[in-house]
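The following exercises are to be worked through with the sequence and the coordinates at hand. Each task is followed by a solution in steps.

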Amino acid sequence: MSQVTQAPPPVALAPTQPVSLTINGQAHTLQIAPWTTLLDALREYLDLTGTKKGCDHGQCGACTVLVDGKRINSCLSLAVMQEGSEIQTIEGLGSEDQLSPLQQAFIDHDAFQCGYCTPGQICSAQGLINEGKARTEAEVRELMSGNVCRCGAYSNILSAVMEVVGRELKIEN
């Protein structure tokens with residue numbers, strides 16, 4: 001008796017849709033699946049690899065970016081949810097010729113070792129400054145506790161952030 005085997009059904013491609021994002025001041029329209037995270041859109045579709053994929057569960061802070069000046073974990077946000085928002089990544093905070101104050105302070109205070117968490121740390125600190133929440137060392141420690149540094153450069157990170165916070169506070173007064 002002969003057996004008839006059927007070919008497996010064709011694999012359907014994931015449905016995509018256009019998503020318009022403003023990233024580092026530039027407009028982009030991506031054709032992506034609706035479940036694409038902002039992190040994957042940045043890294044895989046726009047080649048903005050400064051934002052890191054650490055845990056992919058929102059627990060390490062390596063993927064922190066700024067959305068309308070506030071810090072978010074980009075691994076927990078769908079790209080489509082950010083249409084109409086201003087997204088800023090580490091690549092948009094400064095340039096090779098003109099580092100942001102936080103980027104320069106991280107260098108000056110040796111606030112990195114392996115560097116993997118550094119983009120998320122800097123974006124988180126910039127968000128704290130933007131939000132007006134970082135005033136004391138205790139506040140910075142608490143509000144950046146979601147940004148993990150496995151190398152243990154916390155004291156240098158804190159020194160770098162406090163240097164910039166101190167400058168910002170002087171400007172306000």
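**Exercise 1. A loop residue**

Ser85 counts as buried, because its relative accessibility is 11% and the cut-off for buried is under 20%. The model in which this is examined is a predicted one.

Task: Determine where Ser85 lies and which residues beyond its neighbours within four places in sequence are in contact with Ser85.

Solution.
Step 1. Locate the residue: Ser85 belongs to the loop between S4 and S5.
Step 2. Set aside the neighbours within four places in sequence; the contacts of Ser85 are then Thr22, Val67 and Asp68.
Step 3. Place one of these partners: Val67 falls in strand S3, which spans 64-67.

**Exercise 2. The helix H1**

Task: State which residues of helix H1 are buried and which strands these buried residues pack against.

Solution.
Step 1. Helix H1 covers residues 38-45, and its buried residues are Leu38, Leu39, Ala41 and Leu42.
Step 2. Against these buried residues pack strand S1 (17-23), strand S2 (26-32), S3, S4 and strand S5 (86-88).
Step 3. Follow the chain just past H1: Asp47 there adopts a positive phi of about 60°.

**Exercise 3. The two domains and their contact**

Task: Describe how domain 1 and domain 2 are placed and what area they bury between them.

Solution.
Step 1. Take the bounds from the domain assignment, which gives 17-92 for domain 1 and 101-172 for domain 2.
Step 2. The centres of the two domains, taken over C-alpha atoms, are 21 Å apart. To the contact, domain 1 contributes 16 residues and domain 2 contributes 16 residues.
Step 3. About 1,300 Å² is buried between domain 1 and domain 2, with 55% of it on carbon and sulfur atoms. On the side of domain 1, the greatest losses of area to domain 2 fall on Cys60, Arg71 and Ile90, together 43% of what that side buries.

**Exercise 4. Polar features of the interface**

Task: Identify which side chains meet in a salt bridge, and state which strand supplies the largest share of the side of domain 1 that touches domain 2.

Solution.
Step 1. The count between the domains is one salt bridge. Arg71 and Glu131 meet through their side chains in a salt bridge, at 3.5 Å from N to O.
Step 2. Eight residue pairs are found in polar contact across the interface of domain 1 and domain 2.
Step 3. Strands S3 (64-67) and S4 (70-73) each give at least two residues to the side of domain 1 that touches domain 2. The largest share, three residues, is from S3.
Step 4. Sorted by class, that side of domain 1 holds five nonpolar, seven polar and four charged residues.

How values were computed:
Residues numbered from 1 in each chain as written. Predicted model: local features only at pLDDT ≥ 70, side-chain atom pairs only at ≥ 80, totals over all residues. Heavy atoms only, no water. Domains from an automatic or database assignment. Contact = heavy atoms within 4.5 Å. Buried area = accessible area lost by both parts, 1.4 Å probe. Salt bridge = Lys/Arg side-chain N within 4 Å of Asp/Glu carboxyl O. Polar contact = N/O pair within 3.5 Å; in protein donor to acceptor, adjacent residues only side chain to side chain. Helix = DSSP H or I, 4+ residues; strand = E, 2+ residues; numbered from the N terminus. Nonpolar A, V, L, I, M, F, W, Y, C, P; charged D, E, K, R; others polar. Buried < 20%, exposed > 50% of the residue type's maximum accessible area, 1.4 Å probe, protein only.
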